[in-house]
Structures are given as C-alpha cells and as structure tokens.
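Please keep the sequence and the model open side by side while reading. The paragraphs below go from the chains to their contacts, and from there to single residues.

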Amino acid sequence: MTDTFLSATPPAPIRQRAARDLTRRARWKPAEILFWLCAAASFFLLPDQHLLLSEIVILGLFALSLDLIIGYAGVVTLGHGAFFGLGAYVAGLTSIHLTAEPLTGLALAALAAAALGLATGPLLLLRASDLTRLMVTLGVAMLLYEAANKASWLTGGADGLQGVMIDPLLGRFEFDLFGTTAYGYCLIVTFVLTLIARRIVTSPYGLSLRAIRDNALRARSMGIPVGPRLLAIYAFSALIAGIAGALLTQTTMFVSLDVLAFHRSADVLLVLVLGGVGYLYGGLIGAVAFKLLQDWFSALTPQYWMFWMGLVLLVVVLIGRDRIQTLPRTLMRRLHAEGRA
Amino acid sequence: MLTILIDGIAYGMLLFVMASGLAVTLGLMNFVNLAHGAFAMIGGYVTALTMNRMGLPFLATLPLAFLVPALVGMLAERTLYARMYRRSHLEQVLFSIALVFMAMAAADWLLGSSQMLITLPGWLQGRFEIAGIAIGRYRAFLILVCAALVIGLQLLLSRTRFGARLRAAVDDQRAARGLGINVGGIFALTFATGSGLAGLGGALGIEIMGLDPTFPLKILVYVLIVVTIGGTATLTGPFLAALIIGTADVAGKYYIPELGAFLIYLLMIVLLILRPQGLIAPAR
Amino acid sequence: MSAALQTINLEKRFGGLVATNKVSLVLEHGARHALIGPNGAGKTTFVNLLTGVLPTDGGRILLDGEDVTARSQIQRARLGLGRTFQINQLFAAMTPVESIGLAVSERMGGGGDIWRRLGSRRDILSEIAELVERFRLTDVMDQPTRALPYGKQRLLEIALALAGNPRVLLLDEPAAGVPEAERGELLETLAELPRDVSILLIEHDMDLVFSFAERITVLVNGTHFAEGSVAEIMADARVQEVYLGSDEHA
Amino acid sequence: MQRRNLLLGAVLAASTALAGLPALAEGTPFKVGLILPMTGPFASTGRQIEAAARLYVAEHGDEVAGRKIELIVKDDASVADSTKRLAQELIVRDKVGALAGFGLTPLAMATAPLSTRAKMPTVVMAAATSSVTESSPYVVRTSYTTPQVTSKIAEWAAKEGMKRVVTVVSDYGPGIDAEKTFVATFGAAGGEVPETLRLPLQNPDFSPFLQKVADAKPDAVFVFVPSGVGAQFMKQFVERGLDKSGIKLLADGGITDDDILNGMGDPALAAITGFHYSAAHDSPANKAFVEAFQKANPGMRPNFMAVGGYDGMHAIYAALEKTGGDSDGDKVIAAMKGLSWESPRGPVSIDPETRDIVQNVYLRRVERQGDQLWNVEFETFEAVKDPGK
C-alpha cells in the first residue's frame, strides 16, 4: 500500500516543525491575554459603567456568534437576530412559566436557538449568491418577528413580555440595580463561550471550515462533507446568539419585540464588520467601539448622534479598517518577534 | 378584483422605480449600496419642499426630484464611492450604512422628524371608472410614468452607445479602458442615473408611503427584496419581481388579511428557494 | 479482477453541444495512463464527470468495480478518487502543513473533531512530515500558500491529492504554467509517485506524456478516438494528423 | 476562580449596601431623567415632549421649593432594552429624582419594575396602553389612554345613529386595545361591527384594506394608526372616494396630529376624531401655551405629545411643591395622587386610585381657518376616567 511509500523515512525534526505550525493558531497571544485582563479590570475599576458594559458584552457575544459563520465559514446572513430574539423570548418565558433560575433559562434558550439553527440552516446551503442568502435569512427573521407580534397571548406582542423575574445567580448574587451582578454574569458567560469557540475554531474541524470558506471546490474534492460541517457551525453560532439573547432578557428582566427587529440583525453585522471578521475578537472589539461611540455621541447630542456615528464609521472604512487594526497586531508581532529573539 | 390588481401593479411599479437604480449598481457595478434609499429620500424632499415652500406644481418638481439626487449621487460617487469599488462587500455594507446614518440625521436636522406631506393637484386626486372598474387617478398616473421609465431604461441600456459602453466597462474594465472608454465617467453617470431614479421613486412614493427621515431604512428591505427576487443580471428580472411582490402584497392583504405581513417574506423565501439566482438568472 | 476505474458509454451534453460522446475507458490497477487531445476535446469535462463535479447525461462510472455514477463528489473522494486541478485550487491563507494536515486528518476520520487540538495526533503528524518531504516542500512548509513560488504550489496541489490516500489519482495538466527552472523538480516528483496508485494523466504537454505514461487514450471532440501503448499512439498516423497536427497550429 | 468569586462577592456586597439610594438632601438639584425616542420612527414624539418640557421649565423657573430642577434628556430610539438601561443609569449614576418620557408602551413597561424597585416616581408622558399605570405603583400618567378616548368615540357614533362601523387598526398593542374598546362599547350601545381589520405595522400601502372597507358598505369606519401613518390613510381614503360614498371616517385624534395636520391638505377634512387635546382648544391657558410653544420652536405646532410633556412637568413641580422639596419617592408619588389643575387641554386631575389622568374627551372635526387646518372641538365629554380599569 501507499503506507510503505509514506513511512520510508520518519523525519523527526520536520515533524516537530509541522507540529509547531499546527499549534500556532491555538497559542495564546499577548494581546488576547491583555484583552481579557482589561475586561476583568473594567469590572472592578468601572462600577459606574456596569450597565453599559453589560450591554456591550451582550452585543459583543452576539457579534462573536455571527463571526463564527461569516468569518470562519464564509456564509453571510442578515437574520441572525432570529436566534438572539428566540433566545431572549425562551429565557423570558422560562422564568415566567418554569423556573426563575438563570442558568436553566440560559440552557433552554441555547437549545431552542440551536434547534432553530438546525432547522433553518439548510436554507443557507442553497447554491446561491450572498445577496440571496442575506435575504433568505432576513426573511426568516422577519417571519419570526411577525409571529411573535401575532402570538401576543404568549409573547405579550408589541407591549412586550412582562413579569420576567430572575432569581439570584447561583442562589447568592442578586441582580442589583447597579448591574454589577449582571455584568459579572455576562462577562463570565462570554469568557467561557469565547474559550469554547476558540477551541472549536482552532480544532481540525475549525481548520476544515476555513478550508471550505477559502475553497469549497477543493474541500469537496478532498472528501470534506461540506454541508454537515456548515450546518454544525451554523447551529453552534445560533446557540451562542441564543445565549446572548437570554443574557439580555435576564439582565433587563424584560423582553420586547425589538429583540427580533431588523435593526438587531443589521446592527450586529455592522458591529462585526467594524471590528473585523475572522479572528474571533472582532465582534467584541467592534461592540466596545460601537457602543462607546454611540453612548458618547448620544450624550452630546441625543437627536443627531447618528450623524457623527455615521461619520466615524465612514472615516474608518475609508482609511481602511485593516490599517487601523493591523496597528496593534503589527506591534504585537514585533513584540512577539523580540520575545523570541 | 381588477381594482385590486391595478393597485398592486401601481405599487409594484413604484417599487421597481426605486429598486431599478439599486439593480444597476448591484448588478452591473457589483456594489452593495445600502444607501440607495437615501437618494430616494432626497428626491422625496426635493419634491415636497419645492411644492410646499416654492409653490411649484407637482409635475414640475419631478425632473428636479431626478436631477438633484443624480447630482448628489454623482458627487458622492466621484468623491466617496469610487474609493470603495475594490473593497469587500462587507466593507461596502459598512460604508453605505454609515452614509444612511448621516443622511437620516442630516434630514432630521434640516427638515425635522415629522412626516412630510404634499397635496396632489386636483386632476390626480380621486378616481375614474372604465368599464365598471374604479381606478385611482394617481395610480393610473404611476403606472403610466413607470411604464415609460421602464421602456426608456431598457432602450438606454440595450440600444444606445452609452449602454454598450457601460456593458463593456462592466465586463472587463481593463479592456474597456484600452478601447478608450472613460470607465470612471461611465460609472459616475450610471451611478447618477441610478440615484436619480431612486429620487424619482421617492418623489412619486410620498403620496403612498409617506416621507420622513427614516425613509431610507424603511424602503431598504422592500427594495432589496425586489432586487434579490428579480436577480441582478437583468432589469427585466427586478421588474417582474416588483410586479409580483406588488400585486401579491396588495392581493394577499385583501384576500387573506390574517397572513398580512407574513406573505411578502414567505413569498420571497419560496421564490428564492425555487430560483436562488433570481427570476432571471445570469447566463453561465 | 475489475479495473481501478472504468467508464462505460459516458455522455455529457451542454444544450445541443455534445461534450462527452459515449466514452468508454479502462484504467488498470497501477496504471500510468494518459488522456490527451487537442484543445476543446472535452478532457476537462471528462474529469469533471469522473469526479462528480458535473452530473452525467448517460453511461456509468465504476470505481474498483463499484458503480459510483450517482455518488456525489464528496462520496467519490471518500471512496478513493483523488484529483488535482488544472488551475491551482489551494487554500491561500493556510500553510502547506495545514493544508496537508487537513487532507490527512479528513482521510483518517479526524476532520470533524471539534475539541481536539491541531497537531496532537502523532500518526497524522508523521504523515504530514513525510508528504512535506516527499513533495519537496520542507523549506516552505510553514509559509502561507499564497506566498509560495508557483512550482511549489503545483507540488502542493499534487501533495493534497495524494494525502487523501487515493486508489485512483487524476492529474489534470500538472505541469501547466510551471516555469522551466522548477519543472525538473516537478517531473521527478511525479515519477516517484507510488506504484500502487492508478494514475490518469490529462495532459497537453507531449514530452511529459511520453516520459510518464505507459498507455495513452486520445480524445477528439468528446469522442474516444484512439488508444494504445505509447509506441502505438506515436506510430498512429490518424493521431498524428488529427491531434499532433492541430497542436502545431495551436 | 475561588479568588474571583470572593472578589465578586465583595463588590456585590458593597454595591447592595449602596442600593438603598438615600433621598437627597435639600438644596441639591432635583434631576429629571427624560427618556425619549429622539431618533428613529418616533423621533417627533421625543421632539415635541422635550420642547414642551423645556418650555415648562423656562416659564416656571428652574427652582421649586428650594430645589433646582435639571433636565437630562436621553435618546432610547424606542428600543426597550435601551430605555431600561438608560433609566437604570439615570437612577444609579445621575441619581435622578424622577423619570419621565416613555414614547411607547413597551418602553414604559420595561422600566416599570425598576421604578418599583428604586421607588422612583415615573411620569409617563406619551405611552397610552391602559395597563401602563398598573405595572408599578410609582407610575403616573399625564398623556391619555386609548380606551379613554376610543370609548367616547364609540358612544358618540351610537348616539348619532350609526349602525354598522368597520374598524381598521394597526396590528400592535394600542391598536388592538382600541379595536377591543370600540367593539365592546359600540356593541353595548346596540351597534354592529361587521369587520375588524388589522394593518401590519410595516405597511406601505393601504389599498387592500380600504377596498375591504368599501366592500362592507358601513356607516362609518373607525381608524387607529400611529400618528405619522394616519395622513397616508386619510389620503387614500379620500382618493378611493370613500368619503363621497357616505362612509364617515372616525378616528383617534392621533390621525389628525396637530404637528403635521397642515400638510395633510383637504383629505383631513373628512375625519371626525375624538381626543383629549387640540391646539385649537378654546381657552386662555391653551392660547398662551400654543403661542409660547410656537415662539420657542418656530415651525412646530404643539400636539398631544407636547401637552403630555408639559403637564408631566407640572405634575413633578406641583408634587415637589407639596412635599416641600423632599424627593423621597413615596412622598412624591403620594403628592401627585389627586393633583388637579387647569391644563392647556382643559381641566385635568390625577386619579388617586389608578394614578392615571382624568380629563375631558372632545370630538372634533378638521376645519380650515385662513390657510391653516385646525381640529375644532364640537362636543365634550367631561372628566373621563380610563374605562380599562
């Protein structure tokens, strides 16, 4: 067999080099560690900002989920709000009808969103243009929105779902007015999920996703089952989006129809593109930048903040986000290189 | 029954005029311009302001509603859009949404956030009857104007030198340049035409859809639906799509009101599953 | 014993144009078989039919005696049908190690592992190392593919196909576009391909065909035109006229 | 991880200790957090309320009972979770003494639990669903409720001898509220509602629904749609000649919103509306209000949103006056209960039981006076309570 040919010479140094190359992406980079240190520091140093920070982290987690399919699987969607909204409603309904324990709500929301992802995923596998995918996913999200509006006996319709009460986290930490528990909770959930997502995108499975994104023709000819692989990441991405939605419900103790609205899906895409796709932190960084700018501008001018927001986005795009973004990365690489030397 | 059909066709025609410019930029120039609605809004405001503040008659404002957005479009194309042609679609999305944000805030600042309304001239109000079918005068007017536009546009693209040059520029920029075609100029003109059409659509649509600073986002989804279902390869595709969506929406709400808002999305999903490349797919 | 790969009356039409006209071809085990033909003879269409990129309009395809006509591209690949592409189909952002590792781990059933760390399976690592060396990619193994010289990319193209441990390998113009300086390396590597892999070489370049192939099939206008040993084909006057003649004009 | 938990616990303990939120001492400013949709589709609501609230402060001075009044305006773009977050920040960070604004029902509903928890007086200046005041004992409303107005329209229609009325409402909370109230009240008075139509919120063309109305051949059609949409509806109503075919157009006054009434042109003349406020209300208080408002905001005419904001500020001022500057939430709310005053819209009071506004409901028709259109009142129902409770 071929093996005789292959096992002719077992070159150990080459193997080591190969191993080093394969583990390269999974290695923790200083900037990543710095990012999480900053996040942890913000919890202790900025107690006044916990409410805004919670909102940022939730949006960031939502954008991260989108990055998994856009950045890693190369499939664009404009309907990711469907999963976010479903998670939000499931968490709200769980607290009203089943249990007010937050982690149960989180788990159920995740399951529901993943199930919806599995059910609607095949629509994305149509041989179609990006535009078609965008619109099909948008259509699904809008259908869900209208359904939630119609089913007001269940969802409260346009008035919103009332009566959401969440028990203290782990039975100890009550969700306080300052948003401290909420922020801690969101931050830890996001951190854990990022770790899991990170592990997945650096696994052999994650490598195969990148291969499909870069060259689906080749991937098929290598026998990679493209459809199931994409479906799996879509469902996982939906799961995370559902958790982000559930976090929003649990920290605000309210669900309204706009969790499913078009602007939810559009904003998250904006945030992700602003932060950059395909390196997992784009969503989180984009959320920080977007929300801080928005908060700052709307404090200055509640009526016309959108103008300044638009202007900043415009300048960012025109200068080229790459150039802005690679700055820290080039710095990092330089540091890295020095560290090695 | 026929009244409903005519209402639907008029609505579809209106959608087409607004969407046609997007079909051109997206299909021919391969640029995702989500700010398309902003040009429609400019056209709408031009008509509303010249009518309400300067007392121009409705018809006289329509050429202005085409020209002003076209000029703004050309200016924006030369200064901003031209830098974005080579970027990824996602960046184009970010770029054009940023423009939408700015346009919405600017409109709010300049003109206020309330609905802007116009009063049509008497001969366009009310309705008339042909063979027992009642037809709204304005809707008949819409159908006529839009039909003329559709034909004109088709002729422009297929029969004129400009159309031929545009197609050449789109097929292969480098070759077109080699033939001495001013590709940048062609693109600017095309973009201006698309923006002007959007503006005209916005002006014609005030009476039906209203006009306020959120207009660009409000029509965005409808316009995208039309372009996606129609496919970006031809103008005939979006035209058919606009008619289908227009009549289906109106008829659906009349006959099965319970499905009301669902219908348009369901229809879109089904059509896209059946024809993922659009009604009229690009030739291979 | 059945052939490694066999087609029976394979057909493909595009509208009115017959691209593949009832082609029957037998690829023996361990074969070094070349498929040649002038431009537009339907060689690439034939490869696309074999690999399942295009659906057939008639006829059957047997892989080791098993009918795979209705199987998908992915299933055929899993059954041991490997291919290279006329125009490189590589993963531009990945390194050769990653690309080859992907192919190896897919074959070993590790491609769907979501929790394992890359580079943690020793068996896979060994195979990567051997393939990297075999295909003379050692120097560039950890550089992004897009930065590789064209000849190296061509080698990687073949390495990826071989990494799937195919029983049958279709090489679609492997030497196309390779600069003269890098050509020798490529030819050597081709010559060293393991004997137990049955190879169908689709080629334009006669030097390569004559040095590599033991048997030749000539395709003209989508039709099986002639077949025989290298010597027979070289001596065939009809082939000279139809094929080699037209090649001079091309 | 252990250490992290400990730290987390410590911070939580420290912050819950602060959560008591002591009522601020006299002399410090009394801040009012005004959360409004300033951008997006409901931006005009925010604009009107903000303008009116600022007008009130300008007219009445920024000091009450020794406390300086500060307005903090925030934009929630009518997204409920933003409203909630902004409210929370205003409470814990800016230490406001009262929250106000709330353009839409879900925005108020999202904030209500927070008001209860922080004992925060919350003045709803716009949202009109009946149940808003039931969502928290700290909520007071100075706008109106949909059933309050709708029930009187239905009564009037029955009184005028109408037998068959079709309802057309936008398919969302307030619309459905209006539909239910109309059907119940009109039915109780012996009328018949042969068809109830619901419009999707995203609905650019009304023709199919108007065709249905025409098919049913009723005496009148009752309409409830968000205010910007109303103008479109009336135009298409007239375009189809429904007014000439003898179908009367009854509506909640939002449809002939004073803010944009002038732009609607003659189609607006077809409408008979019921509402709690018209800029044409004939009283000295209103004349002064309209004049001052237009002087401060050229080109704008105050509408029902403005009067809700104006009266909301009055409620806050009057309550502070009563408590002598004490901003304790319970005391402020207690002071608001039972307040009564002469508003630009007419006499109003706060029902001590429900904390909802009690006011006159007027029936109006649109008339042209000079080159302007006005909602002219022709019938008054006095001191109407919200029938929903």
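**How the chains meet**

Chain C and chain D are joined by no contact, their closest C-alpha atoms lying 23 Å apart, where two residues are in contact if their C-beta atoms, placed from the backbone, lie within 7 Å. This is a predicted model, in which local features need pLDDT of at least 70 and side-chain atom pairs count only at pLDDT 80 or more, while totals for chains, interfaces and linings use all residues. Residues are numbered from 1 along each chain as its sequence is written, and chains are lettered from A and ligands numbered from 1 in the order in which they are written. Chain B and chain C likewise have no contact, and their closest C-alpha atoms lie 11 Å apart.

Among the four pairs of chains that touch, chains A and C have the most contacts. Chain A gives 37 residues to a contact that takes 47 residues from chain C. On the side of chain A that touches chain C, at least two residues each come from α1 (2-6), α2 (12-23), α9 (180-201), α10 (204-214) and α11 (216-221) of chain A, helices and strands being DSSP runs numbered from the N terminus (H or I, at least four residues, for helices; E, at least two, for strands). The largest share of that side, eight residues, belongs to α2(A). By residue class, the side of chain A that touches chain C holds 20 nonpolar, nine polar and eight charged residues; here Ala, Val, Leu, Ile, Met, Phe, Trp, Tyr, Cys and Pro count as nonpolar, Asp, Glu, Lys and Arg as charged, and the others, Gly among them, as polar.

Chains A and B can be followed through one pair of helices. Helix α13 (residues 262-275) of chain A packs against helix α4 (residues 89-111) of chain B at an angle of about 115°, their axes being 10 Å apart; axes are lines fitted to C-alpha atoms, for helices over the stretch in contact, and angles run from 0 to 180 degrees between N-to-C directions. On the side of α13(A) the contact is made by L269(A), L270(A), V273(A) and L274(A), and on the side of α4(B) by L90(B), E91(B), V93(B), L94(B) and I97(B). Eight of these residues are nonpolar, none is polar and one is charged. L94(B) touches L270(A), V273(A) and L274(A), and also L313(A) and V317(A), not counting residues up to four places away in sequence.

**Two domains and two backbone angles**

In chain D, the domain assignment (bounds come from an automatic or database assignment) gives domain 1 (27-144 + 284-355) and domain 2 (147-275 + 362-384). The C-alpha centres of these two domains of chain D lie 28 Å apart, and twelve residues of domain 1 are in contact with eleven residues of domain 2. The domain 1 side of this contact has five nonpolar residues, six polar and one charged.

Most residues other than glycine have a negative phi. N9(C), in strand β1 (residues 5-14) of chain C, is not a glycine and yet has a positive phi of about 50°. N9(C) counts as partly exposed because it has 14 C-beta neighbours inside 10 Å, the bounds being 20 or more other C-beta atoms within 10 Å for buried and 12 or fewer for exposed, with partly exposed in between and C-beta atoms placed from the backbone. A383(D), in strand β15 (residues 372-384) of chain D, also has a positive phi, near 45°, and is partly exposed, with 13 other C-beta atoms within 10 Å.
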